[in-house]
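Thanks for coming. I have one structure to go through today, and I will take it piece by piece. Please have a look at it first.

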Amino acid sequence: MTDYFISPSGNDSNNGLGPDASHASNKPWLTIGKSLGAAGIASGDRIFIAPGTYREIVTVNMTSATAETKVLGDPSNGQGFKDGSGIPLAAGDVIWSAYLTNDITAPSGTVLLNLNGRDFLTFKNILLVGSNVNPSCVNAATSHSTNITFRECGFINPVGTNANSINYSELVDVASNWIIDRCYFFGGANVISITLPTSASADYDSNFLIQNCLFIGVNSIVINIASSGGQSFRGGGVDIFNCTMFARSVGVSTTSSSNISSTIPCTVYNSLIIGPTTGLSAASTGQI
C-alpha cells in the first residue's frame, strides 16, 4: 500500500508522495484525474486530498483494483498539507466540482465521475457538485463497477433539473456490493437510480446498501429501482436503513418495472419520508 497526496499547491509532474509542496522531492499531485488515471495509483493504495476546490471531470482509468482503494478528503488538513512556501493549508471543504471555470459560469455537461468499470473504490469526506445539464455526479450505468463505497460525502445537483446524483446499472447475477453511508444529497431528479437486469438462471441479490443518509430538495424520486431485459428471473436486494427523505414525488420506487424480485425484496427500515405524493411505490406486491 502506498499513500499519495493531492493539493491545490501540487503539480501532476510531481511524484505525489508527500503533502508538502515545498519538499525537495516528495510533492503532491494537483488533480484527482492524475491519481485515478492510468499512471496514478494501484490497488490498495490511498489518496489524501487537501482542502480546496478541484474543478475537473474524471474518468477512472487505473487498473481495476482487487482490494479496497481509498480516495479520502482531508478537510481538517490532518495530513499536514503545505504550499510551495512551506505554509500549512487552511482547513476547509474538499470540493470536486463540474463547474470548471468558477461557481457561476455554466458547468460541464459531462458526468463528474465516471467509474468506468473500476472496482473496490472508497470515497470519503468529499463534496461532489454536479451539473445542471442532465448527467449524473457519479456514473456506473454502463460499466458495472462493484464494491464501491461513498462514506460521509455530499452530492449537489441543481434543484429542478433532470440530473441524478448516482446512476448505477447492475451486471446480471453479480452482487454490486455498494455502500452509501452517512452521505447527504441536495437537488436533482431521481437522486439514486439503480437498474437491475433480469436473469436467465435465478433471482439474485444486488446487495446495494443505502444507510444513514439525508435527501433534500429532490425534484422527483429519491431512490428509483428499475429493471432491464426480458428474462424470467429478477434482481432485488436494495436495502435502505435510517434515512431521511424530503421529496416532491416518491421516496422509494419500483413502479417503473414489474421485473423487480419479490423473493429477494428491496427493504426500507427506520426511515422518515416527508412531502412526496407517495412514500413507497411498488409495481407489484412484495417488491418493497
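Start with strand S5, residues 69–73. This strand is mostly covered, with four of its five residues buried. Bear in mind that what we are looking at is a predicted model.

Which strands does S5 pair with? On the one hand there is S2, joined to S5 by four bridges, and the two run parallel. In that pairing, Arg 46 stands opposite Lys 70 in S5. On the other hand there is S8, also joined to S5 by four bridges and also parallel. There, Val 71 has Phe 123 of S8 opposite. Please keep Arg 46 and Phe 123 in mind, since both come back.

A general remark for those new to sheets. In a regular strand, side chains alternate between the two faces of the sheet.

Next, another sheet. Eight strands form an open sheet, and their order is S4-S7-S10-S13-S16-S19-S22-S25, with parallel pairing. Which strands are at the edges? They are strand S4, residues 58–59, and strand S25, residues 278–281, and each of these pairs on one side only. Within this sheet, take strand S13, residues 166–169, and strand S16, residues 192–197. Four bridges join them, and they run parallel. If you want one pair to find on the screen, Asn 167 stands opposite Ser 193 in S16.

Now the inside. The largest nonpolar core has 64 residues, and the members that touch the most others are Phe 123, Phe 150, Ile 192, Ile 210 and Phe 215. Phe 123 is the residue we met opposite Val 71.

What does Ile 210 touch? Leaving aside residues up to four places away in sequence, its contacts include Ile 180, Ile 192, Phe 215 and Ile 223. Val 238, Asp 239, Ile 240, Phe 241 and Cys 243 are also touched by Ile 210. Two of those names, Ile 192 and Phe 215, are also in the list of best-connected core members I just gave.

From the core to the surface. Here a nonpolar patch is formed by Tyr 184, Phe 186, Leu 214, Ile 216, Phe 246, Leu 272 and Ile 274. Together these residues have about 560 Å² of accessible area. Where do they come from? Strand S15 (184–186), strand S18 (214–218) and strand S24 (272–274) each supply at least two residues of the patch. Take Ile 216 as one example. Ile 216 is in strand S18, and it counts as partly exposed because its relative accessibility is 33%.

Next, charges. Side chains of opposite charge can pair when their charged atoms come close. How many salt bridges are there in this model? The count comes to five.

One of them is between Asp 3 and Arg 46, whose closest N and O atoms are 2.8 Å apart. Asp 3 is in strand S1, residues 3–6, and Arg 46 is in strand S2, residues 46–49, so this pair links distant parts of the chain, 43 residues apart. Asp 3 is partly exposed at 22% relative accessibility, and Arg 46 is partly exposed at 25%.

Another salt bridge joins Asp 103 and Arg 55, at 3.1 Å from N to O. Asp 103 sits in the loop between strand S6 (94–97) and S7, whereas Arg 55 is in strand S3, residues 52–55, so the pair ties together parts that are 48 residues apart in sequence. Is Asp 103 buried or exposed? Asp 103 is exposed, with a relative accessible area of 58%. Arg 55 is partly exposed, at 30%.

A third case is Asp 181 with Arg 182, the closest N and O atoms being 2.9 Å apart. Asp 181 is buried, at 3% relative accessible area, whereas Arg 182 is partly exposed at 40%. Salt bridges with shared partners join Arg 151, Glu 152, Asp 181 and Arg 182 into one network.

Glu 152 deserves one more word. Glu 152 has a positive phi of about 55°, although it is not a glycine. It lies in the loop between strand S11 (148–151) and strand S12 (154–156), and it is partly exposed at 30% relative accessibility.

Asn 116 also has a positive phi of about 55° without being a glycine. Its place is in the loop between strand S7 (113–114) and strand S8 (121–124). Asn 116 is partly exposed, with a relative accessible area of 24%.

That is the end of my list.

Definitions and conventions: Residues numbered from 1 in each chain as written. Predicted model: local features only at pLDDT ≥ 70, side-chain atom pairs only at ≥ 80, totals over all residues. Heavy atoms only, no water. Buried < 20%, exposed > 50% of the residue type's maximum accessible area, 1.4 Å probe, protein only. Salt bridge = Lys/Arg side-chain N within 4 Å of Asp/Glu carboxyl O. Patch = residues over 30% accessible without salt bridge, like charges linked within 9 Å, V, L, I, M, F, W, Y side chains within 5 Å. Areas by Shrake-Rupley, 256 points an atom, 1.4 Å probe, with all protein chains shown as cover. Core = buried A, V, L, I, M, F, W, Y, C linked by side-chain atoms within 4.5 Å. Contact = heavy atoms within 4.5 Å. Pairing = 2+ DSSP bridges.
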